[in-house]
Every structure is written in C-alpha cells, then in structure tokens.
Amino acid sequence: KEIVVSGIRSTGYLHLGNYFGAIRNYIKMQETFNCYFFVADWHSLTTHPDPKDLRANVFRVLAENIASGLDPEKVALYAQSDVPEIAELYLLLNMLAYKGELEKVPTFKDKVRQQPENVNAGLLTYPVLMSADILIHRGVKVPVGKDQEQHLEMARNFAQRFNNRYGYLFPEPVAFNFGDDLIKVPSLDGTGKMSKSENQMATLYLSDSDELILNKIKKAKSDSGVAVEGAPMPESVQNLFLLMQQVSTPDVIKFFEDQYQNQGIRFGDMKKQLGEDMVRFITPIREKALELQEDHAYLNRIMKAGAEKARESAAQTLHEARKLIGINYY
Ligand code: TYM
C-alpha cells in the first residue's frame with residue numbers, strides 16, 4: 001500500500017479551504033492507502049499561541065477531522081509532538097537545507113511581512129520540519145491544497161539531497177488531489193484564497209451556524225453587471241460556481257450554468273440555493289464536531305493509538321537514516 005502523509009496546523013477553526021483542499025482527500029484515501037494524518041502542533045508554535053488556546057485547537061482539529069468522516073480505525077491520527085522521531089529527522093535534514101533557499105520561500109517572505117517582530121528560526125525552517133513530517137514515514141502521496149505546492153517541492157529536494165549524499169532512503173513525495181490539479185478554495189470576497197487569518201465574513205468555517213453560513217453567502221461577491229456574451233466569467237462568479245460544485249447536485253449546477261450562459265442568471269437566486277446546499281453540507285459536521293471535541297477521553301485514546309502507530313513507522317526510518325549517516329554506534 002502506498003504511504004500517505006498530511007497535516008493540519010492547530011491554529012484555529014477549520015474552514016472550507018481545509019476541507020476541500022485536504023480533508024476530503026483524506027477521507028477518500030483512507031480506504032485504499034496506508035495513511036498518517038496529524039495535527040501539526042509544533043508548526044503552530046511559530047506564532048507563540050497561548051497554551052490553553054493551543055490545547056483547545058488541537059482537540060478541535062481532531063474532532064473536526066473525525067466529524068468530517070475520517071475513521072481513526074483506518075488511519076493513524078496523531079499529534080505531531082507525540083512523535084519525537086520527527087524532531088530528530090528535522091535536525092538531520094536541517095544540515096542539508098540552506099539558508100538562502102529557505103529565505104526565498106514565498107510563505108516565509110509573507111510571514112516576514114506579516115510578523116516582522118517575530119521572524120524566528122522555526123519560521124525559516126518551517127519547510128524542513130514539514131519535510132521531516134512526510135519523510136519520516138517515507139510518504140509518497142501528500143494530499144494538500146495548492147498553497148502547499150512549493151513546500152512539497154522542497155521536500156523532494158531534501159529527499160534527493162539526502163539520497164545522493166548518504167544512499168537511497170526517501171522516495172520523493174508528491175502533492176496529491178483526487179481528480180486533477182491541486183485545489184485553491186477562494187475567499188468569498190472574491191480576492192485570494194480562503195484562510196483563517198483573512199476577513200472572517202469571507203471564510204466559511206465548519207463550525208459556522210446555519211444563519212452565519214446563509215449570511216456569509218448572501219454577502220459573497222458575485223457580479224454586478226450583466227454577463228456579456230463571449231466575455232470571460234469574472235473571478236468572483238467562477239468562485240461561486242466552484243463552491244457550488246463542491247456541495248450542490250449536478251442538476252442544480254447545470255441549471256445555473258445554463259442561466260449564466262443565456263445571460264439570464266440572478267445571483268440572488270444562485271446564492272440562496274448555494275447557501276441552502278452549504279447549510280445541508282456543514283450542519284452535520286458542525287454538530288458531530290461539537291459533540292466530539294469535549295470528549296477528551298475519547299480523543300486522547302485516538303491520539304495515543306495514532307501516535308503509537310506513527311512512532312513504529314518513524315522509528316524504522318530514523319534507524320535507517322542514522323545508519324546511513326554514520327551515527328549508529330551500538
Ligand atoms: P494548513 O494548516 O494551513 O492547512 C491545512 C490544509 O488545508 C489546505 N488549505 C487549502 N486548500 C485549498 N484552498 C484553501 N483556501 C486552503 N486553505 C488551506 C492546505 O493546503 C493544507 O493541505 N504546512 C501545512 C501543514 C503541514 C503539512 C505537513 C501538510 C505541516 N506538515 C506535512 C502536509 C504534510 C499547513 O500549514 O497547512
């Protein structure tokens with residue numbers, strides 16, 4: 001079975017970007033692959049979260065993953081910090097990662113702009129830790145959204161560099177999405193991707209109430225003008241159709257696409273339909289997650305079992321890595 005690895009940072013509530021970029025693939029992949037999915041709690045330390053918030057976020061991310069359909073019996077679901085082997089591989093890979101290439105990573109440059117007062121070494125070596133997360137299990141498929149593409153390229157570079165210097169150990173992991181290209185779920189205000197830090201009214205969370213979902217979609221950017229024949233579809237309209245493709249039936253999608261083609265679309269109607277379909281999609285996940293996230297005993301059991309399974313695979317890889325590097329003395 002091919003090995004699949006992916007993680008989600010514990011930085012807040014999960015949104016539709018996380019769901020359609022990552023979790024939806026996890027759920028499909030759990031049936032046929034050997035899956036390791038984790039909460040990237042170390043990665044979220046770059047912004048120095050309050051310890052109480054961090055703990056709550058870890059439990060919530062676990063609960064939201066399970067509520068979305070992830071089956072802890074089929075995958076290893078764990079907290080990154082419960083697998084210390086990752087930290088050791090991170091140290092080893094850091095020797096093969098160059099300051100210059102790390103400084104050039106776009107997500108690093110964004111962070112430097114966003115938090116100039118806190119440009120720590122963890123931020124700079126973020127892609128190295130992420131590579132260690134994947135390579136520790138010798139993962140080959142990594143279900144992620146489009147925003148992680150460059151990080152995956154770095155993971156391939158580090159794998160290759162290690163293999164060339166010490167001998168073959170790591171397959172080169174590739175970013176994965178069922179279907180075709182990697183997904184970028186757009187923000188509802190028509191600009192950029194949906195994310196935790198952007199405009200809250202432009203981000204749909206798996207924890208949003210029905211009312212909030214309907215309201216956010218009602219306010220989503222559509223298009224003020226009338227469609228001109230032959231003109232390209234504006235990005236904001238493409239975004240609405242993209243969301244509709246995730247949650248509405250093929251008949252509904254076709255109905256509004258036809259209306260759009262015939263210049264007869266009423267965006268109010270389209271958004272009303274999209275809102276209702278979105279509510280139908282999110283409500284069961286929200287309710288299940290609410291129930292699960294307070295059950296720490298259950299979640300702790302899952303995390304422990306997941307970490308045990310992950311550490312078994314991690315220890316084997318680390319043993320091989322140490323041997324190849326020459327730091328196996330006993
Ligand atoms: P994070 O926590 O920011 O996001 C988790 C997952 O959600 C995807 N995602 C999106 N996909 C499509 N459209 C969007 N608008 C959108 N927003 C978020 C992300 O691509 C990701 O798949 N560095 C990672 C966490 C990580 C990781 C790893 C992932 C740490 N180690 C090892 C894979 C393998 C991150 O910050 O994701």
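What should the 12 residues of helix α11 (residues 250–261) span at 1.5 Å a residue, and how far apart are its end C-alpha atoms? Before I answer, let me say that this is a predicted model, in which local features need pLDDT of at least 70 and side-chain atom pairs count only at pLDDT 80 or more, while totals for chains, interfaces and linings use all residues. Residues are numbered from 1 along each chain as its sequence is written.

The span expected for α11 is 16 Å, taken as 1.5 Å times one less than the number of residues, and the end C-alpha atoms are 16 Å apart, which agrees. Helices here are DSSP runs of H or I with at least four residues, and strands are runs of E with at least two, numbered from the N terminus. Just after α11, Gln 263 takes a positive phi of about 55°.

Turning to the ligand, 26 residues surround it, counted when the C-beta atom, placed from the backbone, lies within 6 Å; the closest are Arg 9, Gly 17, Gly 21, Val 144 and Gly 145. The largest share of this shell, 5 residues, comes from β1, and β1 (3–9), α1 (16–29) and α7 (126–135) each supply at least two residues.

Lastly, helix α9 (residues 210–218) and helix α12 (residues 267–293) pack at an angle of about 145° with their axes 9 Å apart, where axes are lines fitted to C-alpha atoms over the stretch in contact and angles run from 0 to 180 degrees between N-to-C directions. The contact (C-beta atoms, placed from the backbone, within 7 Å) includes Ile 213 and Ile 217 of α9 and Leu 274 and Met 278 of α12.

Note on methods. Two residues are in contact if their C-beta atoms, placed from the backbone, lie within 7 Å.
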